[in-house]
Amino acid sequence: MATEMNPSIVSFNENNNNNNNNNNNDNNKLKGNQVLIRVYFIDDTHKTISIDPTQTTGDQLWDLVSEKLGINNRDAECFFLWAQNDEIEWLLFNHQNISDVIKNWGILKRRYCEPVSEGTGIISKANKTLSKKTGVLEGKLGFLTIGKKSGSKNQNNAMSKAIANDHANAHLKSSFPTLGEEGHFRLVYRPTSVLPISVEKSITTSESTHLFYIQAVYNIINSNYPCEEDIALKLASIQLQVQVGDQKPEHNEYFKESLSRYIPTHLIQKHKPEEWEALVSPQHILLRGSDSIHLKRAYLETCQRWQYYGCTFFSAKYVPVTTSFFLQEFEGKVSIGINGHGIHIIDPKAMKIVSYHYRDIAAWDSTINSFSVQVAVRNNKQSDQIKIYTFTTLQGELINDLMHDWLNEEWSKEAKNTNQQQFSQSMDKTIPNSNQSIINNSTNSTTMDTSVNLQVSNQPILQ
């Protein structure tokens, strides 16, 4: 019944019965340090792969998963492997052995999830030449990008235990998340943290579109992308059509029982389940016969209109600059989103979003316990007003790292555009005017002109 209700998931999930049998057979074939690990997707489906964790790097495992999904090299560049649990999400570094990820997981938790004494932050100027930070932890860890995972903590803990039991029942050798306290996390294959939206839009294969789609659904349901009720209804109807197909009477009860999979957390208490069903069902009926891949792209196109689309999110608490409750811009807990546009401060409960482009960011500061950012507020006056936002968060250093990476990406793009313009100008000066006759030119002259053109065209665009 579950398979019939979730046809779009089947392509990435493995049949449980066959999978258990295959795992038993594979266990007999495993050699040396090989183990079976499950690489998950953001919708909790998975693929099982045999590796030697002491030899296999994040880059090699990424390549194995991409090949298993049938994703080509160009599309695969948009995705990578994350290690995540209830509290943190960590983007693996290319050269890391999987065994190192396991050994250092406890260090990561202590550093980014447990309160520590305040340290001294270093100010970062937006107009300063920045180099990519590759922080080292215990000599083994590389660039980190971590954000607090949304959702119910109890549900996530229960899910972790269920997964561990599932691994034990399948007789999987030591693997995620069956390594006790330190191993309670899992590897997830999903979009990488620095992915320009123009690149994402250029990817049109069904496999990649599905991965972008389930990531968008995850962010909608967990209110990382807060939206109004009318948009939520539209997206829920699309998701229903993708999941169960054309509307049937039995789907009404399924929808009410699975409401948390379709309605954003900041809206779900607004109506009773039967009221939500009455609101979504008519829109679901209108989508009868629609193609699944087209619906996924329509879902994505709706989300891609928002400035905060494609963000990596970090949990934080806003520190007000005034003691007056009515003058405080945010109320306590917020999400800080970082993407190619800039920084986004989101309070989904209040449906409040404040966004600033990188060009409006004057400076930012991060410590082990906090993050602050100075922005220029544009007005009609001659001088811009500087505004400071301060947050308490254990992941300030990681927000800083990700902002550095996005700025490097944007500046590389600007440098490429500048060099392309200079290249075009050079070509305009070198290539003869189309109105000029070159018939009377000598052979040597034509050859020399061609040689010059080839030299110009072979110059690297980025010096």
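Helix 10 covers residues 249–257, and its buried residues are His251, Tyr254 and Phe255. Viewed along the axis of helix 10, these residues fall within an arc of 100 degrees, so they line one face of the helix. Pro249 and Glu257 lie on the other side of helix 10 and are exposed. The model in which this is seen is a predicted one.

Helix 3 can be read in a similar way. This helix runs over residues 58–69, and its buried residues are Gly58, Leu61, Trp62, Val65, Ser66 and Leu69. Down the axis of helix 3, the buried residues fall within an arc of 135 degrees, so they too line one face of the helix. The length of helix 3 can be checked by simple arithmetic. With 12 residues at 1.5 Å a residue, helix 3 should span 16 Å; the C-alpha atoms at its ends are 17 Å apart, which agrees with that expectation.

What follows helix 3 in the chain? The next residue is glycine 70, with a positive phi near 80 degrees.

Leucine 69 belongs to helix 3. Its relative accessibility is 7%, and buried means under 20%, so leucine 69 counts as buried. Along the chain, leucine 69 and serine 208 are 139 residues apart, yet their C-alpha atoms are separated by 9.2 Å.

That pair leads to the contacts of the chain as a whole. Taking contacts between residues at least 6 apart in sequence, 68% join residues at least 24 apart.

Another part of the model shows two helices packed against each other. Helix 9 (residues 229–244) and helix 11 (residues 273–286) pack at an angle of about 65 degrees, and their axes are 9 Å apart. The crossing of helix 9 past helix 11 is right-handed. Which residues meet where these helices pack? From helix 9 come Glu229, Leu233, Lys234, Ala236, Ser237, Leu240, Gln241 and Val244. From helix 11 come Trp276, Leu279, Val280, Gln283 and His284.

These helices belong to a protein chain with 14 helices and 13 strands. The chain has 463 residues, of which 48% count as buried. The surface that the protein chain exposes comes to about 23700 Å², and carbon and sulfur atoms supply 48% of that area.

Key
Residues numbered from 1 in each chain as written. Predicted model: local features only at pLDDT ≥ 70, side-chain atom pairs only at ≥ 80, totals over all residues. Heavy atoms only, no water. Helix = DSSP H or I, 4+ residues; strand = E, 2+ residues; numbered from the N terminus. Buried < 20%, exposed > 50% of the residue type's maximum accessible area, 1.4 Å probe, protein only. Contact = heavy atoms within 4.5 Å. Areas by Shrake-Rupley, 256 points an atom, 1.4 Å probe, with all protein chains shown as cover. Expected span 1.5 Å × (residues − 1). Arc of directions from axis to C-beta. Axes fitted to C-alpha atoms, helices over the stretch in contact; angles between N-to-C directions. Left-handed = near helix turned anticlockwise from the far one by under 90°.
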